[in-house]
Structures are given as structure tokens and as C-alpha cells.
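Hi,

Here is the structure I said I would pass on. Have a look at it first, then read my notes below.

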Protein chains: 2
Amino acid sequence: MDDIDRTLIGLLMEDATQSYATLGKAVGLSGGAAHERVRKLRERGVIRRTTIEVDQAALGRTVSAYVLVDGGSWMGDSADLLAAIPAVEEAHVIAGPASLLLKVRTSSTKELQDVLRQVFEVHGVTGTQTVVVLETFFERTLK
Amino acid sequence: MDDIDRTLIGLLMEDATQSYATLGKAVGLSGGAAHERVRKLRERGVIRRTTIEVDQAALGRTVSAYVLVDGGSWMGDSADLLAAIPAVEEAHVIAGPASLLLKVRTSSTKELQDVLRQVFEVHGVTGTQTVVVLETFFERTLK
DNA sequence: GATGAAATATTCCTACC
DNA sequence: GGTAGGAATATTTCATC
């Protein structure tokens, strides 16, 4: 994991459709060598997968919210139960004012309400506090 | 934007290295037709770009935190000032207990402290409240 | 909009350094 | 680890429906 690997990762994050020949040129290697490095980064799990970035608003998901969850036991199957709610994008155990923090994305505030109801059904949850996003300045992936 | 488009988006989110022939077969179209649909989704901005998903921990970013910012004017150049801090992954204007919510990812708590110092330098910021992530159950992209 | 096929480009082996 | 070359595949364009 050297600077060349890090540069390759940065280039692929910007545009994963580039050819290995182009990538190689950018880091001073042959296409084959660049290909081999990327293959190993994938193999080692540094690169998890190649994916597309989708405009969530274009898919109708216009409501974003963060939900602080009180009392949810962070053991057992909480993670699975939360993962089973399709609108929950992230779930973290936190140090601070609550046990869990969720990021939720829905197509309406009504659907958000449904999600909160489902969260309440997770064992041990005693309360939620919801922070609704009014405007997103940016959501980016770090290099 | 029909069900076929939505299926194509879902398939590409899972694996954007699939050939158009494979994608076409999965939705009952020829490779050329699948290609044309994906091209239009890109053109219309529904698909923003093709990128890689990176294991942040493998890059040394092991500390994640959410920062509630009080008093930050959400007008003017706040967005630009926050975007200039490389560790800030997301910045949202929120309705609730604070003006802004940031997601921050750093390689140490010391670096997190530096970031908080930089946030304080943004015009109008009167206070911050930081929620440190202890464990991430999941971070996924919604279909 | 979709198809099928031709032209072009990329990926992915293999052999070698 | 890297290079180089070539066979196998994929992308992209285009005429046609």
C-alpha cells in the first residue's frame, strides 16, 4: 500500500470507467501493472466493489433524516432488525446522548413516520429523536 | 424511468463491472438496448458516475463522528468553508437541536480535534456537539 | 426504442525480466 | 513487482425495423 496505490484509488473513485492503460499512464506504470495493483487492492478488500453513484432525489428519495435511538440494545439482532428496514441507510452505535444513530432516506415524511414506527418495534428501544435534513450542502466520498 | 431502468440501476449498484450483455439478459433486453438505457440514465444525471467503494478503515480512517453545529449561518460561504475541510464527508442544514450536522471521518481522535477547531473558525459558529461512532452496524447505498 | 452485427478498444492471460 | 504481446471479451456505433 504505497502512494501509487493511493493515487489509483483516488482516480478510480473519481471515475471507475477509466481503462487500465489510462490509469497506468497517470501513475507512470504500464496498463498491465496498474491492472495488477488494482486487482490486488480488490483482493485485499481495500476496494470493496465497483458501483454507481445515484441521484437519490431522481429516484424519489427526497427526505433525509438522522434518528437518535434511545435504549436500543446494541447487542443481539438489533443490527439485523434495522438492516431489514429498507429506508435505513446507516446504523451506528454511538458514544453520547443516545445508543444508536441511524440515517434514513424516504420519499415522504409519511414514509419517515412508518420507519420510526418500525424502529420502535426493535427490542429495547425506548425512544427516538429525529433530525430532519432541510438542505444538503454536500455528501461526498473522501479520498 | 420505468421498472427496467430501476432494475438496471439496482444491478449496477451491486456491480458496475457487469457487461451490457449480462445486464440486458437480466432485464430481457439486448446488450445494445441495455447500453442505450444506461447511457440515457447517465445523461439525465440519475447515474452521477461510476466509482469504487473503498474500505475507509484500510485507508487509516478509523474514527467516524457526527458533529452538531450551533449558530453556523447556513447562508453565504459556510458550505464552501466546510467543504474545504477534507475530513468533512457530509454537511447538512437541519431542523432541530442545531443548525448544521456534519459527518467527519479521521484517522485519530487528535485529527478529529483539529477538525472541530477548524469548524469553530467558520463564521457564526458558536458551539459544537460531537457524537463519536463506536461501531458501525452498516453503511449501505439504498436501491 | 429495440435489434444485430461490425469496428474499435479493453481486459486478462502467458511468458519473460 | 514490472513489462510486453496476443487471444478473448466488451464497448460503441450504425443501419434497420
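By class, the surface near DNA strand D comes to two nonpolar residues, four polar ones and one charged one. This is a predicted model, by the way, so please read everything here as computed from it. The residues around DNA strand D are A:S30, A:A33 and A:R37 from one chain, and B:Q18, B:S19, B:Y20 and B:H35 from the other. What part of strand D do they meet? Sugar or phosphate supplies 88% of the strand D atoms within 4 Å of the protein, and bases supply the rest.

A few phosphate contacts on strand D are worth clicking on. In A:R37, a polar side-chain atom sits 2.6 Å from a phosphate oxygen of DNA strand D. B:Y20 uses its backbone: a polar atom there is 3.0 Å from a phosphate oxygen of that strand. With B:H35 it is the side chain, where an N or O atom lies 3.0 Å from a strand D phosphate oxygen.

Now for the other strand. Around DNA strand C you'll find A:Q18, A:S19, A:Y20 and A:H35, along with B:L29, B:S30, B:A33 and B:R37. Here sugar and phosphate make up 89% of the strand C atoms that come within 4 Å of the protein. Sorted by class, the surface near strand C has three nonpolar residues, four polar and one charged.

Which residues have a polar atom by a phosphate oxygen of strand C? A:Y20 is one of them, with a polar backbone atom 2.9 Å away from such an oxygen. A:H35 brings an N or O atom of its side chain to 2.8 Å from a phosphate oxygen of strand C. From chain B, a backbone N or O atom of B:S30 is 2.7 Å from a phosphate oxygen of strand C.

On to how the two protein chains meet. Chain B puts 57 residues into the contact and chain A puts in 58. About 5,700 Å² is buried between them, with carbon and sulfur atoms giving 59% of that area. There are 43 residue pairs in polar contact between chain B and chain A, counting pairs with both residues at pLDDT 80 or more. On chain B's side, the elements that give two or more residues are α1 (3–14), β1 (47–54), α4 (78–83), β3 (88–95), β4 (100–106) and β5 (127–139). The largest share there, nine residues, comes from β5(B). By class, the side of chain B that touches chain A has 34 nonpolar, eight polar and 15 charged residues.

Six salt bridges turn up across this interface. One to look at joins A:R49 to B:E53, whose closest N and O atoms are 2.8 Å apart.

Strands pair across the interface too. Strand β5 of chain A (residues 127–139) pairs with β3(B) in the antiparallel sense, over six bridges; there, A:V132 stands opposite B:A95. Strand β3 of chain A (residues 88–95) likewise pairs antiparallel with β5(B) over six bridges, and A:I94 has B:V133 as its bridge partner.

What else does β5(B) pair with? Within chain B, six bridges join β5(B) to strand β2 (residues 63–70), and the two run antiparallel. For B:Y66, the bridge partner in β5(B) is B:V131.

Shout if anything is unclear.

Cheers

Notes
Residues numbered from 1 in each chain as written. Chains lettered and ligands numbered in written order. Predicted model: local features only at pLDDT ≥ 70, side-chain atom pairs only at ≥ 80, totals over all residues. Heavy atoms only, no water. Near = heavy atom within 4 Å. Polar contact = N/O pair within 3.5 Å; in protein donor to acceptor, adjacent residues only side chain to side chain. Nonpolar A, V, L, I, M, F, W, Y, C, P; charged D, E, K, R; others polar. Contact = heavy atoms within 4.5 Å. Buried area = accessible area lost by both parts, 1.4 Å probe. Salt bridge = Lys/Arg side-chain N within 4 Å of Asp/Glu carboxyl O. Helix = DSSP H or I, 4+ residues; strand = E, 2+ residues; numbered from the N terminus. Pairing = 2+ DSSP bridges.
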